[in-house]
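User: Please take a close look at the nonpolar interior of this protein. I should like one connected account of it, with the residues placed in their setting.

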Amino acid sequence: MSELQKTFSIIKPDAVSTGKAGKIISLLEDSGFRIVGLRMTKLSQSQAEGFYAVHSERPFYRSLVTFMTEGPVIVMALEREDAVKKLREVMGATNPANAAEGTVRKLYAESIERNAIHGSDAPETAADELQYFFTAIELNQL
Ligand code: GDP
């Protein structure tokens, strides 16, 4: 059995505003994730820009930042075996049109941009993203 791993996730503004957060959290728990940290927050422009800095040269960057700041999000630290990879699986493809049946994005995403959920793409990214949203004290308690 592989070791427990933590990853970072955001329930994006589209899913929070349309009342899908509870269903998404249930799906994650039913998929074996334990919620070890959770907070509702509203991203400032600079927080969203910093979080998506890797995409700053992409044509959709401004639109993505506007979307991610339009309303509250729920940031979460999630734990299970192989958490990073398993979360990417349960999220589904970036574009919901390509997402597998039963995935969060197939069930709840509106479009390639308004796609309901974020999940870290690698263990190193997960560590960085957890630190971006949770304090050292909170992370020690996770
Ligand atoms: P993810 O890891 O599956 O979330 O996808 P990426 O890291 O490639 O992109 C980050 C986020 O940018 C996605 O989750 C979408 O919200 C948005 N995004 C990605 N590709 C596109 C695109 O082609 N157009 C638009 N408008 N948004 C996109």
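Analyst: In what follows, two residues are in contact, or touch, when heavy atoms of each lie within 4.5 Å. The model is a predicted one, and every value below was computed from it.

The setting comes first. The protein chain has eight helices and four strands. Along the sequence these elements follow the pattern β-α-α-β-α-α-β-α-α-β-α-α. The C-alpha atoms fill a box of roughly 40 × 35 × 25 Å along the principal axes. For 142 residues a compact globule would have a radius of gyration near 14 Å, and the chain agrees because its own value is 14 Å. Buried residues make up 44% of the chain. Among contacts with a separation of 6 or more, 76% join residues that are 24 or more positions apart. The exposed surface is about 7,400 Å², and 50% of it is supplied by carbon and sulfur atoms.

The interior itself can now be described. The largest nonpolar core has 20 residues, and I11, I24, L28 and L87 have the most contacts inside it. Two or more residues of this core come from each of α1 (13-17), α2 (21-30), β3 (73-81), α5 (83-91) and α6 (104-108). Helix α2 gives the largest share, five residues. Apart from this core lies another, of 18 residues, with Y61, V65, V75 and F134 among them.

L87 offers a way into the larger of these environments. Beyond four places in sequence, L87 touches T7, F8, S9, L28, F33, L78, I117 and G119. Two of these partners, T7 and I117, deserve separate attention.

T7 belongs to strand β1 (residues 4-11). T7 counts as buried because its relative accessibility is 0%, where the limit for that class is under 20%. Leaving out residues up to four places away, the contacts of T7 are with M76, A77, L78, A83, V84, L87, S120, A126 and L130. L78 and L87 thus both touch T7, and L78 also touches L87.

I117 is part of strand β4. With a relative accessibility of 0%, I117 is likewise classed as buried. Its contacts beyond four places in sequence are S9, I10, K12, I24, L28, L87, M91, V104 and R105. Among these partners are I24, L28 and L87, which are named with I11 as having the most contacts inside the largest core. Y52 stands 65 residues from I117 in sequence, and their C-alpha atoms are 14 Å apart in space.

The residues just before I117 lie in the loop between α6 and β4 (117-119), where A116 is found. Most residues other than glycine have a negative phi. A116, however, has a positive phi, near 75 degrees. A116 is counted as buried because its relative accessibility is 0%.

N115 lies in that loop between α6 and β4 as well. At 2% relative accessibility, N115 is also buried. Outside its neighbours within four places, N115 is in contact with K12, D14, T94, R105 and A109. K12 and R105 are also contacts of I117. From N115 to V104 the separation is 11 residues in sequence and 8.7 Å between C-alpha atoms.

A second positive phi occurs at D82, where the angle is about 55 degrees although the residue is not a glycine. D82 sits in the loop between β3 and α5, and both of these elements contribute to the largest core. D82 itself counts as partly exposed because its relative accessibility is 29%, whereas A116 is buried.

A21 brings the account back to helix α2, in which this residue lies. A21 is classed as buried because its relative accessibility is 13%. Aside from residues up to four places away, A21 touches I11, A15 and I74. I11 is one of the residues with the most contacts inside the largest core. K106 is 85 residues from A21 along the chain, and the C-alpha atoms of the two are separated by 15 Å.

Taken together, L87 touches both T7 of the buried set and I117; T7 lies in β1, I117 lies in β4, and A21 in α2 touches I11.

Terms used
Residues are numbered from 1 along each chain as its sequence is written. This is a predicted model: local features need pLDDT of at least 70, side-chain atom pairs count only at pLDDT 80 or more; totals for chains, interfaces and linings use all residues. Side-chain values use heavy atoms; hydrogens and water are left out. A nonpolar core is a set of buried Ala, Val, Leu, Ile, Met, Phe, Trp, Tyr and Cys residues joined through side-chain atoms within 4.5 Å. Buried means under 20% relative accessible area, exposed over 50%, partly exposed in between (1.4 Å probe, protein chains only). The radius of gyration is taken over C-alpha atoms; the globule rule is 2.2 Å times the number of residues to the power 0.38. Accessible areas come from the Shrake-Rupley method with a 1.4 Å probe; for residues, only the protein chains shown count as cover.
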